[in-house]
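Here is a short set of exercises to work through with the structure open beside you. Try each task before reading its solution.

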Amino acid sequence: MTTSTKSSRRRHRARKVLWDRIAYHGIGLGTACFFLAPFAVSFLASFRPNSESGSPPLPPWPRSTISFDAYQALDTFGAGIWQHMVNSLVVSLGTVVVTVAVSVMAGYGFSRYRFPFKNVLFVLIIATLMIPFQSILTPLFIILARLGLNNSLFGLMLVYVTLQLPFSVFMMRNAFDAVPKEIEEAARIDGVRDLQLLVRVLLPLVMPGVATVSIFAFLNAWNEFFAALVLLSSNDNFTLPVLMSAVRAGRLGAINWGAVQAGVAVMVVPCLFVFLLLQRYYMRGLMAGAVK
Amino acid sequence: MTTSGIQTTMSRRRPRRNPGWRGLLYIAPAMGLVTLFFVLPVLFTVWMSLHKWPLLGAPKWSGFGNYIRMFQDQRFFSALGFTAYYTIIVTIAIFAVAFPLAIFVEKQRPLVSAYRTVIFLPVVVGLASASLLWVWLANVDSGLFGPLFEMLGLTTGRLNLLAKFDTAFLTIVAMVVWKIAGFTMIILLTGLQAIPQELTEAARIDGARRWQRFRYLTLPLMRRTMALALILSVTGSILAFDQFYIMTSGGPQNKMISVVYYIFNQSFVSFNLGYGAALSIALLAILVAISVMQLWLLKVGDERP
């Protein structure tokens with residue numbers, strides 16, 4: 001008698017757990033679909049031939065044949081898609097390299113040395129976070145012109161590096177703070193000093209911090225639109241987002257939606273790839289920013 | 001003997017003092033960039049805002065003329081009003097989506113990290129890319145939403161989402177929620193996970209219902225995290241530009257001009273650089289005020305037990 005009620009209760013509970021699980025994953029998959037679907041629809045639609053690219057994506061995949069018409073159409077805008085991809089890549093990778101170099105040095109300086117106004121200078125760098133760069137673009141435009149860097153990818157890169165500095169210097173200082181001083185002293189006794197010490201001995205130890213700084217620098221520079229729109233004036237120098245805003249504006253009132261889909265794919269795929277590859281370091285940076 | 005002893009200690013001490021200057025050397029590149037591309041432009045903005053500054057030709061001193069003009073500029077105030085409206089709606093929408101998501105992905109279960117990753121994916125793509133993607137999805141002829149709603153029988157005839165203010169606004173809010181909710185979710189998740197397990201257990205043993213535990217335990221302990229997420233969402237929304245520029249080009253009847261968009265128009269379309277600088281100072285003041293409030297809010301959160 002008692003055993004049968006017990007077993008029925010157990011069966012009841014097992015069924016409840018099963019239903020819970022089904023409900024949970026039902027909601028989970030539905031949510032995942034909502035967040036994934038726009039990417040999937042656009043990506044699939046970008047392989048439709050010209051004849052289909054103007055019609056609604058119902059269904060999104062190419063119905064007749066897979067074609068690269070959309071990508072070829074995209075290539076007719078501006079100076080060709082390769083040129084603009086190279087522009088974006090040069091700016092983004094340049095931003096990564098310079099940001100890492102500058103912030104590693106600054107992080108090391110702030111972590112290991114004592115000098116006048118140290119705290120004031122550190123707070124000054126961090127405080128730039130409070131000021132939106134959107135509000136200082138006009139003078140930036142003029143200063144860059146005075147330096148002969150108007151409409152130049154190098155100038156744009158320097159601006160991006162500056163925007164990355166508060167976060168990057170903060171990250172790198174914390175990374176160096178976490179390295180025990182004994183390692184440095186041991187290396188010093190062995191006769192390694194200064195830059196050599198920094199590059200040979202300490203840099204490998206702060207690599208996780210460098211990875212975090214790099215991924216944020218890359219994604220922010222690759223995705224940035226407003227500063228690029230204002231600071232770049234000639235067609236040939238446009239980065240991908242600026243090119244795509246021209247594609248979206250259309251020619252003679254007609255918008256080539258195939259080219260838009262292809263452009264979205266070109267802009268989005270590197271971001272997703274970099275993120276999925278280096279997710280751990282990205283999340284570390286996010287947490288550091290959030291906990292701070 | 002003694003002097004030489006002093007001298008040796010002096011000379012021994014000198015290399016120790018030197019690193020001070022070496023430290024400055026290490027931070028010099030960072031300081032140079034921040035000075036040249038941040039401190040100088042901020043001061044320059046103040047200076048420009050006191051001038052009538054055309055693109056070509058000499059700037060003319062105008063004192064507070066630009067600021068007086070600003071307070072009489074109806075379009076600037078409607079841009080401010082629209083930005084405030086957008087900020088409030090979008091922040092509420094993001095929280096309404098992100099909070100349940102954070103609770104949903106809080107506990108370790110099979111597949112939960114996959115859900116987290118997928119929900120977070122739109123965060124890493126650019127706002128410009130996301131706007132471009134959604135402006136296509138919302139297009140009346142070639143997009144997804146209009147034809148899909150018609151096919152499902154939700155609308156009679158095809159709905160042009162971007163033609164009217166309300167539907168266009170709704171589309172942009174939906175896009176931003178899709179793009180940002182994952183970010184807010186992760187921030188809130190760190191707060192949720194920081195709540196000690198024992199507290200929730202104790203509350204459960206004391207007979208607190210799920211809603212009561214949420215209301216009287218989770219929410220108060222999340223104050224600091226929520227303040228942070230709130231501030232990030234508010235400051236981000238006030239600076240919104242990409243979505244209005246790319247998706248609606250300022251919207252039906254120019255109703256979707258945000259503050260940054262208006263500054264952009266004044267500075268780089270009409271080339272009233274001085275007036276644009278004055279508007280920038282106003283924007284800067286608003287954001288610094290919010291940042292100060294942020295520090296205060298976070299500190300208030302600290303003082304609570």
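The exercises below concern a predicted model, and each one is followed by a worked solution.

**Exercise 1. The salt bridges**

Find how many salt bridges there are over all chains, then work out which parts of chain A are tied together by the pair A:Glu184 and A:Arg112.

*Solution.*
- Start with the idea behind the search: side chains of opposite charge can pair when their charged atoms come close.
- Next, take the total, which comes to four salt bridges over all chains.
- Now look at A:Glu184 and A:Arg112, whose closest N and O atoms are 2.4 Å apart. A salt bridge needs these atoms within 4 Å, so the pair qualifies.
- Place the two partners: A:Glu184 belongs to helix α8 (residues 181-189) of chain A, and A:Arg112 to helix α4 (residues 81-112) of chain A, so the bridge ties together parts that are 72 residues apart in sequence.
- Finally, check the surroundings of the pair: A:Glu184 and A:Arg112 are both buried.

**Exercise 2. Two bridges in chain B**

For the pairs B:Glu150 with B:Arg158 and B:Arg204 with B:Glu201, give the N to O distance, and then decide whether each residue is buried, partly exposed or exposed.

*Solution.*
- In the first pair, the closest N and O atoms of B:Glu150 and B:Arg158 lie 3.2 Å apart.
- The relative accessible area is 32% for B:Glu150 and 40% for B:Arg158. Partly exposed covers values between 20% and 50%, so B:Glu150 is partly exposed, and so is B:Arg158.
- In the second pair, B:Arg204 and B:Glu201 meet at 3.8 Å, N to O. Both sit in helix α8 of chain B, three residues apart, about one turn of the helix.
- With 44% relative accessible area, B:Arg204 is partly exposed; B:Glu201, at 34%, is partly exposed as well.

**Exercise 3. The largest cavity**

Describe the volume of the largest cavity, the residues of its lining and the classes they fall into.

*Solution.*
- Begin with the count: the structure has one cavity of 30 Å³ or more. The volume of the largest cavity is about 40 Å³.
- Then go to the walls. Residues from chains A and B line this cavity, among them A:Gln134, A:Phe226, B:Val260 and B:Ser280.
- Two elements give two or more residues to the lining: α6 (137-146) of chain A and α12 (259-269) of chain B. Of these, α12(B) gives the most, with five residues.
- Last, sort the lining by class: six residues are nonpolar, four are polar and none is charged.

**Exercise 4. The second largest pocket**

Which element gives the most residues to the lining of the second largest pocket, and how does that lining divide by class?

*Solution.*
- The pocket has a volume of about 1200 Å³, and 25 residues line it. B:Ile103, B:Glu106, B:Lys107, B:Arg109 and B:Arg210 lie nearest its centre.
- Two or more lining residues come from each of α1 (2-45) of chain A and α3, α7 (165-193), α8 (197-205) and α9 (210-221) of chain B.
- The element that gives the most is α1(A), with eight residues.
- By class, the lining holds 11 nonpolar, five polar and nine charged residues.

**Exercise 5. A nonpolar patch**

Locate the surface patch that includes B:Ile89 and give its area.

*Solution.*
- B:Ile89 is in helix α3 (residues 74-104) of chain B, and is partly exposed at 31% relative accessible area.
- B:Tyr85, B:Ile88, B:Ile89 and B:Ile92 make up the nonpolar patch, with an area of about 380 Å².

Conventions. Residues numbered from 1 in each chain as written. Chains lettered and ligands numbered in written order. Predicted model: local features only at pLDDT ≥ 70, side-chain atom pairs only at ≥ 80, totals over all residues. Heavy atoms only, no water. Patch = residues over 30% accessible without salt bridge, like charges linked within 9 Å, V, L, I, M, F, W, Y side chains within 5 Å. Areas by Shrake-Rupley, 256 points an atom, 1.4 Å probe, with all protein chains shown as cover. Salt bridge = Lys/Arg side-chain N within 4 Å of Asp/Glu carboxyl O. Helix = DSSP H or I, 4+ residues; strand = E, 2+ residues; numbered from the N terminus. Buried < 20%, exposed > 50% of the residue type's maximum accessible area, 1.4 Å probe, protein only. 1 Å grid on protein atoms, 1.4 Å probe; cavity = no way out; pocket = protein on both sides within 12 Å on 5 of 7 lines; lining within 4 Å. Points joined across faces, edges and corners; volume = space filled by probe spheres on them. Nonpolar A, V, L, I, M, F, W, Y, C, P; charged D, E, K, R; others polar.
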